[in-house]
Amino acid sequence: MRRLTLPVLLAAAFLPAATAHAAPADGNGGALPSTFDSGKLGAAIPPPADSAGAPVADVATLHGGVAEAPADAPEAVKEAIDAANRIRHKPYVWGGGHGSFKAVGYDCSGSVSYVLHAAGLLDSPRASGALESWGTKGRGDWISVYANGGHAYMVIAGLRFDTSGSGQSGPRWRDESRSARGYRVRHARGL
């Protein structure tokens, strides 16, 4: 019997999901189609899956910095993507989006709050530390919020929306990798 190493086993486990999607880097240190998380700090986690563990079939696409939701995405996901597209060129402003959802610029948690509010998932803006307890523990099928006391970002239909990354600062769709180490992962029930 041939003995398989952990990297070979992991590659085999992710191969069907990785070849089924055409999407940017996952935002967590790999080139898989979408984000990893399990709700535990620093956990290495598999690509998005539905509640039964099957890989999510549709991932949002990115064209010239504008995201497009999968046709079968729930309405709240489409609203979240539209909201993120509306503020994707706003500048980074520390505290932006905290006093009001409408702002000239947004910081990390202000932009996450704006998007969640537009999707009908949040009533008032929250700082990144407060987002650590928003929603339900763990990764969602469609929307996942990553938060700690100093930063927050989100993944919507497999695309990362974040204020930090390569290129300009401020809320943007980011296609480069980002580690989820040190973040609590939350989602809205049913999404």
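Four aromatic pairs occur in the structure, which is a predicted model. Tyr 146, Tyr 153 and Tyr 183 are joined by ring pairs into a cluster. Tyr 153 also has a charged neighbour: Arg 160 sits over the face of its ring, 5.9 Å from the ring centre.

The nonpolar interior comes next. Its largest core comprises 35 residues, and those with the most contacts inside it are Val 77, Ile 81, Val 115, Leu 116, Ile 143, Met 154 and Ile 156. At least two residues of this core come from each of helix H2 (75-87), helix H3 (108-118), strand E4 (143-147), strand E5 (152-156) and strand E6 (159-162). Helix H2 supplies the largest share, with seven residues. Val 77 illustrates the packing: leaving aside residues up to four places away in sequence, Val 77 touches Trp 142, Ile 143, Ile 156, Ala 157 and Leu 191. Another core, of six residues, lies apart from the largest one; among its members are Val 155, Ala 180, Tyr 183 and Val 185. Tyr 183 thus appears both in this second core and in the tyrosine cluster.

Helix H3 also carries a polar residue, Ser 109. Is Ser 109 buried or exposed? Its relative accessible area is 2%, under the 20% limit, so Ser 109 counts as buried. With residues up to four places away in sequence left out, the contacts of Ser 109 are His 98, Arg 126, Ala 127, Ser 128, Leu 131 and Ala 152. With Ser 128 there is a polar approach as well: a polar atom of the Ser 109 side chain lies 3.4 Å from the backbone nitrogen of Ser 128.

How values were computed:
Residues numbered from 1 in each chain as written. Predicted model: local features only at pLDDT ≥ 70, side-chain atom pairs only at ≥ 80, totals over all residues. Heavy atoms only, no water. Core = buried A, V, L, I, M, F, W, Y, C linked by side-chain atoms within 4.5 Å. Buried < 20%, exposed > 50% of the residue type's maximum accessible area, 1.4 Å probe, protein only. Helix = DSSP H or I, 4+ residues; strand = E, 2+ residues; numbered from the N terminus. Contact = heavy atoms within 4.5 Å. Polar contact = N/O pair within 3.5 Å; in protein donor to acceptor, adjacent residues only side chain to side chain. Phe/Tyr/Trp six-rings, centres within 6.5 Å; stacked < 30°, edge-to-face > 60°. Lys NZ or Arg CZ within 6 Å of the ring centre and 35° of its normal.
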